[in-house]
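Me: Please take a close look at the charged side chains and how they pair up. Then put them in context, using the rest of the chain.

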Amino acid sequence: MGRRKIIDDADFPEAIAAGWNRRRFLTATTAAAALAFSVGTPQRSEAKIVEDPLPYPYTMGVASGDPLPDAVVIWTRLAPKPLEPYGGMPQASWRVEWEVAADPEFSRQVLRGRTLAHPEYYHSVHVDVRGLRPGREYFYRFKAGGQVSQTGRTKTAPAADANPDRLKFAVASCQSFPDGYYTALRHIADEDLDAVLFLGDYIYESGINSEGGLHEVPEPLPPEFAADAITLERYRLQYSLYKSEPDLIAAHQSAPWIATWDDHEVTSNYVSLDSDSWNQPIDFAVQRANAYRAYWEHLPLRLPEPDGPDLKLYRRFRYGKLAQLDVIDTRQYRDDQAPGSGDSAIRRDPSRTVLGDQQEQWLINGLTNSPARWKIVPQQIPFAQLDSAGGTGLSLNMDAWDGYVPARQRILDAVRESGTENFVVLTGDAHTNYAMELLADFDNLESKPVGVELVGTSICSDRDGADTTPALQTRLVENPHLKFANQQRGYLLCTVTPEALSTDFKIVPYVTRRDAPISVRQRIVVESGRPELILDSA
């Protein structure tokens, strides 16, 4: 493997200067804003750096994410007592060593270095490990306070000009802790994956009773959990509970994650800061800054950290010439939801946006100019039209793309007019498995499809669910482009080759008890060059 490299990145990340709009800043209450917006790391001379012994601090495991051909982010957080303030850590910066190797025994070490776990970042550590080789499996670990972490497995993306014969990833979303167990994540950990795509609702902001809801906890939760998350400390506490769950730890440890958020990382169905519709206990800009900071602290995301209530999360990942993943953010920049559930002039207003102008153009340019065979868009909310009303009326979800018809149509038109093939949307949010064809014009249900959408169910949100319901049967009748629907819990397992994208809808029979088995409920195949769904036997 050649001579190993030693990197000292204790100064990294540097403080980022605030670039704040004056109007937005002045809306924030002064005391709350001071905490929410002070995200920069202190200068090294100001920080007390400690290397003292610690009780075992890796109670939330290790994680990796955002794989590039030559780099991957590795993450951990020091928290000997995760449900105590600051995880039971003193108010000091801790020296952390990290290692990356080509084997799980670390006999073929590739890179190692040192960094600092700062109290300002809740003693979380993000290391952007550079200088790796494309398309390779690596193993990593941390050392701090005399303790060695679990060993994580990760994998870099192939080189840009590579022609990989396969890409295999899981798609997951929506893990409400009090609704049940994370058994599906344990099964994800057992898959041999290139990546895990997590498409939102990593936490839910709602309060939790002392028993943990339906998710048994070893001892009663502190009383702070009864309140909804609004403050920075309360969001941090919610992540501390969720990330202490062994099945989530195992899934992070098994493969690199590519994550994006939806709404519950902040609050249900929120929209952009320009909206006047919010009536929150504190200024919403402060609440969003608190939520974004806690999210960044607990996910293996590449720098930079949030700038107050702003964090650019849309980004692109290329897997050689086989696949391009355009991860988008349908929450941060959107206009208000249209009222009601039927057709209206508001939902057809061409000025309204889901992505914001800049992100929308970035997505369209990426889709229509990509050299990759498969153009995959991991995102949060159902993209295809989905009518839930029987008969002649319409009943649509205005929080989904159905509430923003021209915004959706601009993307569909760009795909159709450019002749872009193999357009695939991957979606979370719905707590339901759906397989849908993306019609060129949903006002004409006989128009030809230009792509497909695969919607994954939740990990445990909405509890056990059911194989089918009367509502699902109605949707299958009213939406001819909907080819499969199921409301149990689980994840998608996608295998991409030059010839086809094959997806197993994997389900567990229950989440309100531990140790559920996994099975394939349906296999869906999309052949290259044919934007239609083929239901295959599993």
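Reply: Salt bridges

At 31% relative accessibility, R348 counts as partly exposed, a class that lies between buried (under 20% relative accessible area) and exposed (over 50%), computed with a 1.4 Å probe on protein chains only. Its salt bridge is with D443, and the closest N and O atoms are 3.0 Å apart. R348 sits in the loop between β15 (323-327) and α7 (357-369), while D443 sits in the loop between β18 (433-439) and β19 (449-455), so that distant parts of the chain, 95 residues apart, are linked. A salt bridge here is a side-chain nitrogen of Lys or Arg within 4 Å of a carboxyl oxygen of Asp or Glu. Helices (H or I, at least four residues) and strands (E, at least two) are DSSP runs, numbered from the N terminus.

This is a predicted model, in which local features need pLDDT of at least 70 and side-chain atom pairs count only at pLDDT 80 or more, whereas totals for chains, interfaces and linings use all residues. Residues are numbered from 1 along each chain as its sequence is written, and side-chain values use heavy atoms, with hydrogens and water left out.

The whole structure has 29 salt bridges. Another of them joins K143 to E99, at 3.5 Å from N to O. K143 belongs to strand β8 and E99 to strand β5 (residues 93-101), and this pair links distant parts of the chain, 44 residues apart. K143, at 30% relative accessibility, counts as partly exposed, and E99, at 10%, counts as buried.

A further salt bridge connects D194 with K155, where the closest N and O atoms are 2.7 Å apart. Because D194 is in the loop between α3 and β12 (195-199) and K155 is in strand β10, the pair ties together parts that are 39 residues apart in sequence. D194 counts as buried at 8% relative accessibility, and K155 counts as partly exposed at 22%.

K168, in strand β11 (residues 167-172), is a lysine without such a partner. K168 is buried yet has no salt bridge, and the nearest side chain of opposite charge, that of E191, is 4.3 Å away. For this purpose Lys and Arg count as positive and Asp and Glu as negative, with His and the chain ends not counted. Beyond its neighbours within four places in sequence, K168 is in contact (heavy atoms within 4.5 Å) with E191, D192, L193, D194, A195, L493, C494 and T495. D194, the salt-bridge partner of K155, is thus one of the contacts of K168.

An acidic side chain also appears at the start of helix α5 (residues 246-254), where a side-chain oxygen of E245 comes to within 2.7 Å of the backbone nitrogen of D247. The helix is mostly covered, with seven of its nine residues buried. D247 is one of the buried residues, as are L248, I249, A250, A251, H252 and S254. The buried residues of α5 pack against β3 (62-68), β8 (137-144), β10 (152-155), α3 (183-189), α4 (232-243) and β13 (257-260). Two of these elements were met above: β8 holds K143 and β10 holds K155.

For an uncharged polar case, take T330, in the loop between β15 and α7. T330 counts as buried, at 0% relative accessibility. The side chains of T330 and Q380 are joined by a polar contact of 2.9 Å. A polar contact is a pair of N or O atoms within 3.5 Å; within protein, one must be able to donate a hydrogen and the other to accept it, and residues adjacent in sequence count only if both atoms are side-chain atoms. Apart from neighbours within four places in sequence, T330 is in contact with D262, V354, L355, Q379, Q380, I381 and W401.

As for the whole chain, it has nine helices and 24 strands, and 59% of its 538 residues count as buried. The average pLDDT (the predictor's confidence in each residue, from 0 to 100) is 91, and 90% of the residues score at least 70. Over residues 1-33 the pLDDT is below 50, although this stretch has 63 contacts in the model beyond near neighbours in sequence. The pLDDT is also below 50 over residues 41-46, a stretch with 12 such contacts. Where pLDDT is low, the predicted coordinates should not be read in detail.
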